[in-house]
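Trainee: Hi, could you walk me through this one? I'd like to begin with the terms and then look at the details.

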Amino acid sequence: MIEVTAPAPLPETIDLTYESAEIFQHLRRGFAMPNISNSLVLHHQQWYLNRPDYLRRMITRSSRYLHFIIVELDKRGMPLEIALLPMVESAYNPTAYSRSHASGLWQFVPATGKQYKLEQNWWVDERRDIVASTGAALDYLQYIYELHGDWHLALASYNWGEGAVGRAIKKNEAQGLPTDYLSLKMPDETRNYVPKLQALKNIFSNPNILADLDMLGVPMRPYFATVTKPTNIDVKLAAKLAEMPVQDFVALNPSHNRPVIKSETPLVIPADKLETFNHNLEAHEESDKPLSSWQAYTLRPGEKLEQVAPRFGMTVAGLKAANGIQGRVRLASGATLLVAGEENDPHDPAQAIQLSALGASSEPEPVVEKSAPVDKHAVTKADAPPAAPAMVTRTRTHKVAKGETLLGIAERYDMSLADLKQRNKLRSNQVNYGTRLTVVTSEPVRSAPVATAQRRVQVEVASKPAAPSDAKPATGHRTHTHTVRRGETLFSIAQRYEMTVAELKQRNKLRSDQVTSGSKLLVDAPAAAEKLSSTKSAAEPAKAGGKQDKAAGIRANVAKVSFTPGKNSSSAPVN
């Protein structure tokens, strides 16, 4: 038998005097890097072709951003193969996050992002910003190209680092060996990097393959435009004004860490939605409605999340979710928090509580624990509860035990490290065994027991003070002892018994969010919870205690890439 190889498809005829009307035709016209051909290129080319669904999804995602990137490359006179590089790096997923902490379409690690002036702060991570990260990536690629004078070496440097490539070149020079990309000794990850790009270039060079994928006909015209607002605007509201799904809006604006976009930050809007957005925005502003239902709040000395949350009609869980806080975190005074906004002075707690009590709310509502819904209409203006438990501050002396640290002592008494050092006139973070330190504790003032179920609901809205131990529980609830099982957390236990974490901690006089298995806790046991408890096996762990998904919020709307493109140790990307 003689195997006959099918002839390669004829290249598409290109008229360089004609301005492309189709984006992939324009892309092919700008290919300028030297081709390489080896077994690795064939391997990756076959890998992509064997996964047409993956290739189609990746190309579909890229259609939002390709025009902008191609135009930027044209302005700089750079090879248009670089427009395919985000396929290798992130599969064109702007929220891709790698094991090496690289983020965005172009997979910048934090240090390189800062070097190229990509902001990474509480509000935003510009490594995920389409416009800003593209500018930074092209700046970096131009720099390393000028450094090496070769695009393949520039790409290797983008993946491996220009210093590592420089050392590999010098090593070959010392041995009298060639110094081109294919001749250098490098990690497998970098060895496969340029062949992956070449494989994609080969695929995009063949219009028949794109036709089979139904990927032809994408017009060569801008997909999006930018709008800048002088005031903050909610992500959800901006999507609504553009009349597009939130997840599509996030795909164009993936850099925001909060559910609100800060003022003077460009909003990326689809070009065909721009007129609609401006029209709806004008109508919204004429109605005197706020553009954001959130506001920034600066934490005061000694304030805790349990005090701040009810002041703005939020649960502690909702406050943590809005600010990306996970686990037990001690926030220093002066820290910025995002809280539910009202048309009031955020520093006037009485006014904030009054509006919350009247049921004033705005879109979008903050995330709340599903097990503890808040009925804002259950409280009237006349019966508005206090913002937080009344606290009394007491000073006491603590003797440093063996193995204790200043940080551990500060956390034990809910103090900041700076406050503890200042109060004891300490200059160092070291403390000796047996030293006596002045510490401050805050304890809730005990109040009279509540009498009715209605009053109980009112008090829960603003995080009630702990009732005396001899007080009778409100109607429908009675005190119950819960034994902590392996894997359970305070949050999961509170959720199970329809309590807040703050209530659970107050009832059991806990200062920490940590709890050990075997501990016994006093809980409120409504009838439904007791029935559930009695029917479950004592050995069954609480399902609510599992780890929360780290890709919550904005990243939940866009598929996360599980490989590390550009920082990846595998020879082929993973879908």
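Mentor: Happy to! Helices (H or I, at least four residues) and strands (E, at least two) are DSSP runs, numbered from the N terminus. By that rule, D212 sits in helix α12, residues 207-212. One caution early on: this is a predicted model, where local features need pLDDT of at least 70, side-chain atom pairs count only at pLDDT 80 or more, and totals for chains, interfaces and linings use all residues. Residues are numbered from 1 along each chain as its sequence is written, and side-chain values use heavy atoms, with hydrogens and water left out.

Trainee: Thanks. Is D212 buried or exposed?

Mentor: D212 is exposed, with a relative accessible area of 67%. Buried means under 20% relative accessible area, exposed over 50%, and partly exposed in between, using a 1.4 Å probe and protein chains only. D212 and P52 are 160 residues apart in sequence, yet their C-alpha atoms are 9.2 Å apart in space.

Trainee: And the chain as a whole, how many helices and strands?

Mentor: The chain has 24 helices and 10 strands. Of its 575 residues, 45% count as buried. It exposes about 29400 Å², with carbon and sulfur atoms supplying 52% of that; the areas come from the Shrake-Rupley method with a 1.4 Å probe, and for residues only the protein chains shown count as cover.

Trainee: What share of the contacts links residues 24 or more positions apart?

Mentor: Such pairs account for 69% of the contacts in the chain with a separation of 6 or more. Contact means heavy atoms within 4.5 Å.

Trainee: Switching to cores. Which residues have the most contacts inside the largest one?

Mentor: F24, W106, L141 and Y158 do, in a nonpolar core of 87 residues. The term stands for a set of buried Ala, Val, Leu, Ile, Met, Phe, Trp, Tyr and Cys residues joined through side-chain atoms within 4.5 Å. Another core, of 19 residues, lies apart from it and includes W123, Y297, V308 and V316.

Trainee: What does W106 touch?

Mentor: Leaving out residues up to four places away in sequence, W106 touches I69, I82, L85, P86, E89, S133, T134, A137, L138 and Y158. I69 belongs to the buried residues of helix α4 (residues 66-76), along with L66, H67, F68, I70, E72 and L73.

Trainee: Which elements do the buried residues of α4 pack against?

Mentor: They pack against α1 (23-29), α3 (52-62), α7 (130-148) and β1 (224-228). Just after α4, G77 takes a positive phi of about 70°.

Trainee: Which residues have a positive phi although they are not glycines?

Mentor: Two to look at are Y92, at about 60°, and D288, at about 65°. Y92 is in the loop between α5 (85-90) and α6 (110-115), and it is buried, with a relative accessible area of 0%. D288 is in the loop between α15 (274-286) and β5 (294-298), but it is exposed, at 66%.

Trainee: Back to α7. Where does D139 fit in?

Mentor: D139 lies in α7 and is partly exposed, with a relative accessible area of 36%. It touches R76 and Y116, not counting residues up to four places away in sequence. D139 and Y116 are 23 residues apart in sequence and 8.1 Å apart in space, C-alpha to C-alpha.

Trainee: New topic: how many cavities of 30 Å³ or more are there?

Mentor: A search of the whole structure finds four. On a 1 Å grid over the protein atoms alone, a cavity is a set of points where a 1.4 Å probe fits but cannot get out, and lining residues have an atom within 4 Å of a point. Grid points are joined across faces, edges and corners, and a volume is the space filled by probe spheres set on the points. The second largest cavity holds about 60 Å³ of space.

Trainee: What lines that second largest cavity?

Mentor: M33, P34, E81, H152, V194, L197, Q198 and K201 line it. Helix α11 gives the most to this lining, with four residues.

Trainee: How covered is α11?

Mentor: Mostly: 11 of its 12 residues are buried, including V194, L197, Q198 and K201.

Trainee: What about its length?

Mentor: The expected span is 1.5 Å times one less than the number of residues. For α11 (residues 193-204) that comes to 16 Å, and its end C-alpha atoms are 17 Å apart, which agrees.

Key: On a 1 Å grid over the protein atoms alone, a cavity is a set of points where a 1.4 Å probe fits but cannot get out, and a pocket is an open set with protein on both sides within 12 Å along at least five of seven lines; lining residues have an atom within 4 Å of a point.
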